[in-house]
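Please open the model in a viewer and keep the sequence panel visible. The tour below proceeds by selection, one element at a time.

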Amino acid sequence: MSDIAGKPCILCCAITGSLPRKSDNPAVPITVTEQIESSHAAVEAGASIIHAHVRNDDQSPSSDPDKFAALKEGLERHCPGVIVQFSTGGRSGAGRERGGMLHLRPDMASLSVGSNNFPARVYENPPDLVAWLATEMQAHNITPEVEAFDLSHILQAITLHGAGKLQGQLYVQFVMGIKNAMPVDKEVFDFYVHTMQTRAPHAKWCAAGIGAAQLTLNEWAIAAGGHTRAGLEDNIRLDKHTLAPSNAALIARAADLCAKYDRPVATPAQARTILGLQSR
Ligand SMILES: [Zn+2]
């Protein structure tokens with residue numbers, strides 16, 4: 001464990017997502033004002049990246065650039081230095097609509113580089129759309145966080161980065177525990193880490209688990225020297241019987257795991273250095 005002791009760990013808070021509603025957990029922030037308040041508390045608890053989707057007033061997913069703009073402005077004012085990451089995930093819109101807010105120049109944006117199944121549909125990321133989103137991110141100096149729902153997505157991320165198609169430093173997030181996609185599997189996780197270490201030794205990686213797997217993936221990632229994500233987008237519960245009271249509570253739980261493994265929680269400034277991001 002000594003090789004990870006003292007190594008700062010970046011905590012990303014996925015505050016809202018596209019799916020959970022107030023009826024699932026009243027703490028899910030829906031309006032931009034709620035999102036800023038929830039993010040502020042999560043940053044106080046240790047988050048240095050805010051991963052954000054926006055919603056319509058009826059809680060349905062939105063791709064409205066005006067809402068993204070208001071959120072970014074509020075985060076920059078109330079959480080100075082925090083890394084703003086917009087989602088370009090497929091639930092918020094169709095085709096290029098998914099990248100319709102990239103001109104706002106968030107620090108980062110999520111980028112899926114391949115397709116896979118989700119619980120009730122195909123998560124479609126055709127090569128021409130991936131290429132367009134990656135090009136938009138380069139044009140606006142946005143570092144992608146590549147979402148890897150499968151091993152092929154990790155390899156594709158390394159290939160695209162090697163070909164100069166991805167802005168900035170390579171950052172890959174392993175996602176486990178989505179029904180019909182990659183299950184929570186420690187051997188596979190270890191192979192993912194090994195793949196990054198051997199094929200992209202200068203890249204950074206993080207991991208996220210869905211539902212009850214959030215805590216599992218937090219611990220695996222922290223123990224293996226990576227970075228990790230928590231928040232109500234991925235998981236609305238503390239345990240089987242208890243709803244999470246806030247995004248901050250889920251981040252605090254990850255921060256406790258960092259302490260267990262002697263890893264300091266990265267400040268936003270440290271996270272920017274680790275990820276090679278300029279301050280904006
Ligand atoms: Zn998301």
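Begin by selecting Ser110 in the strand S6, and then the residue across from it: Ser110 stands opposite Glu145 in S9. Strands here are DSSP runs (E, at least two residues), as helices are (H or I, at least four), numbered from the N terminus. The model is a predicted one, in which local features need pLDDT of at least 70 and side-chain atom pairs count only at pLDDT 80 or more, while totals for chains, interfaces and linings use all residues. Residues are numbered from 1 along each chain as its sequence is written.

**The strand S6 and its partners**

Extend the selection to S9 (residues 143–148): five bridges join S6 to S9, and the two run parallel. Strands pair if DSSP finds at least two bridges between them. Next select S5 (residues 83–86), which is parallel to S6 and joined to it by two bridges. Within this pairing, Phe86 stands opposite Ala109 in S6.

Now select the whole of S6, residues 108–112. Five of its five residues are buried, so the strand is largely enclosed by the rest of the structure. A residue is buried if 20 or more other C-beta atoms, placed from the backbone, lie within 10 Å of its own, exposed if 12 or fewer, and partly exposed in between. In a regular strand the side chains alternate between the two faces of the sheet. Colour Met108, Ser110 and Ser112 for one side of S6 and Ala109 and Leu111 for the other; both faces are covered.

**The helices H1 and H2**

Move to H1 (residues 32–45), whose axis comes within 9 Å of that of H2 and crosses it at roughly 35°. The axes are lines fitted to C-alpha atoms, for helices over the stretch in contact, and angles run from 0 to 180 degrees between N-to-C directions. Show the side chains of Val32, Gln35, Ile36, Ser39 and His40 in H1, which meet Lys67, Ala70, Leu71, Gly74, Leu75 and His78 in H2. Contact requires C-beta atoms, placed from the backbone, within 7 Å.

Then select Glu73, which lies in H2 (residues 65–78). Is Glu73 buried or partly exposed? With 14 other C-beta atoms within 10 Å, Glu73 is partly exposed. Its C-alpha atom is 9.6 Å from that of Ile36, 37 residues away along the chain.

**The whole chain**

Finally, zoom out to the full chain, which has eight helices and 14 strands. Its C-alpha trace spans about 45 × 45 × 40 Å along the principal axes. Buried residues make up 47% of the 280 residues.

Note on methods
Contact = placed C-beta atoms within 7 Å.
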